[in-house]
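User: I am new to this structure and would like a close look at one part of it. Please take me through the largest pocket and the helices around it, step by step.

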Amino acid sequence: MNRDAPQQEEPAEHVRFRNHLSRLEQATEADEFEVVEAVLADQDRTVAQSAVLRHLDRRARGLHSEPAYPSWAESMTRATTRHPFLTRRLDEWSLFRAIAPAERWSPDALLGASDWLQLRTAEAPNAAALEVLAVRGRTKRIRNTARSTLKRSP
């Protein structure tokens, strides 16, 4: 490390990203919609969507098995409606929610889902979904993970 080198300022987008994450983490249920919309108004679409994606994943991970999930997902879908990647992630969390407790779900929907959802599902204990992914999962990693999870299942 060169101590004589001038200190470089942190790029502005990094600072904004960190600030967005902090705002989203501190958002209450009452103001979450508005905070998400405000973050998505950032001039840098990548910074905004990345921060909101982290937020959606964090919140969905905690809510997907809770009764409050459907209304939360509906609200977040409205907030992200102009951001197809984010609305797709919310759709996939909803599909994951349906698959996890073995509710009604479509194998075609699972097979058409992203690698992210297929891999997450390949690690979950739903035998029917695991059987689909073990044979027809999109990648070798997904198929192997599904087979491995099937072997470990009781």
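Analyst: What follows begins with the pocket, moves to the helices that line it, and ends with their surroundings.

The model is a predicted one, and every value below was computed from it. The largest pocket holds about 170 Å³ of space, and its lining is made up of Glu29, Ala30, Glu32, Phe33, Arg59, Leu63, Ala68, Ser71, Trp72, Ser75 and Met76. Three elements, H2, H3 and helix H4 (69-79), each give two or more residues to that lining. Of the contributors, H4 gives the most, with four residues.

Since H4 gives the most to the lining, this helix is a sensible place to look next. Its buried residues are Tyr69, Trp72, Ala73, Ser75, Met76 and Ala79. Seen down the axis of H4, these buried residues fall within an arc of 160°, and therefore they line one face of the helix. On the other side of H4, Ser71 and Glu74 are exposed. Ser71 is thus a residue that is exposed and also part of the pocket lining, whereas Trp72, Ser75 and Met76 are buried residues of H4 that appear in the lining as well. As for what the buried residues of H4 pack against, the partners are H2, H3 and helix H5 (84-99).

Helix H3 (45-63) brings Arg59 to the pocket, for Arg59 is placed in H3 and is named among the lining residues. Not counting residues up to four places away in sequence, Arg59 touches Glu29, Glu32 and Trp72, and these three residues are themselves listed in the lining of the pocket. Farther along the chain, Ala113 is 54 residues from Arg59, and the C-alpha atoms of the two are separated by 20 Å.

The loop between H4 and H5 contains Thr80. Thr80 counts as buried because its relative accessible area is 0%. Leaving aside its neighbours within four places in sequence, Thr80 is in contact with Val36, Leu40, Val52, Leu56, Leu86, Thr87 and Leu90. Between the C-alpha atoms of Thr80 and Gln49, which are 31 residues apart along the chain, the separation is 9.2 Å.

Two of the residues already met, Val52 and Trp72, also belong to the largest nonpolar core, which has 42 residues; together with Trp105, they touch the most other members of that core. H3 gives the most to this core, with eight residues. Trp105, for its part, is in contact with Leu95, Ala98, Ile99, Leu110, Asn126, Ala128, Ala129 and Val132, once its neighbours within four places in sequence are left aside.

Helices H2 and H3 have a further role in the picture, as both are included in what covers the buried residues of helix H1. Those buried residues are Phe17, His20 and Leu24. They cover an arc of only 60° around the axis, which puts them on the same side of H1. On the other side of H1, Glu25 and Gln26 are exposed. His20 counts as buried because its relative accessibility is 9%, and, not counting residues up to four places away in sequence, this residue touches Val39, Asp42, Val47 and Ala51. As a check on the helix itself, the 15 residues of H1 (residues 12-26) should span 21 Å at 1.5 Å a residue, and the end C-alpha atoms are 21 Å apart, which agrees.

Technical notes: Residues are numbered from 1 along each chain as its sequence is written. This is a predicted model: local features need pLDDT of at least 70, side-chain atom pairs count only at pLDDT 80 or more; totals for chains, interfaces and linings use all residues. Side-chain values use heavy atoms; hydrogens and water are left out. The expected span of a helix is 1.5 Å times one less than its number of residues. Buried means under 20% relative accessible area, exposed over 50%, partly exposed in between (1.4 Å probe, protein chains only). The arc is that of the directions from the helix axis to the C-beta atoms. Contact means heavy atoms within 4.5 Å. A nonpolar core is a set of buried Ala, Val, Leu, Ile, Met, Phe, Trp, Tyr and Cys residues joined through side-chain atoms within 4.5 Å. On a 1 Å grid over the protein atoms alone, a cavity is a set of points where a 1.4 Å probe fits but cannot get out, and a pocket is an open set with protein on both sides within 12 Å along at least five of seven lines; lining residues have an atom within 4 Å of a point. Grid points are joined across faces, edges and corners, and a volume is the space filled by probe spheres set on the points.
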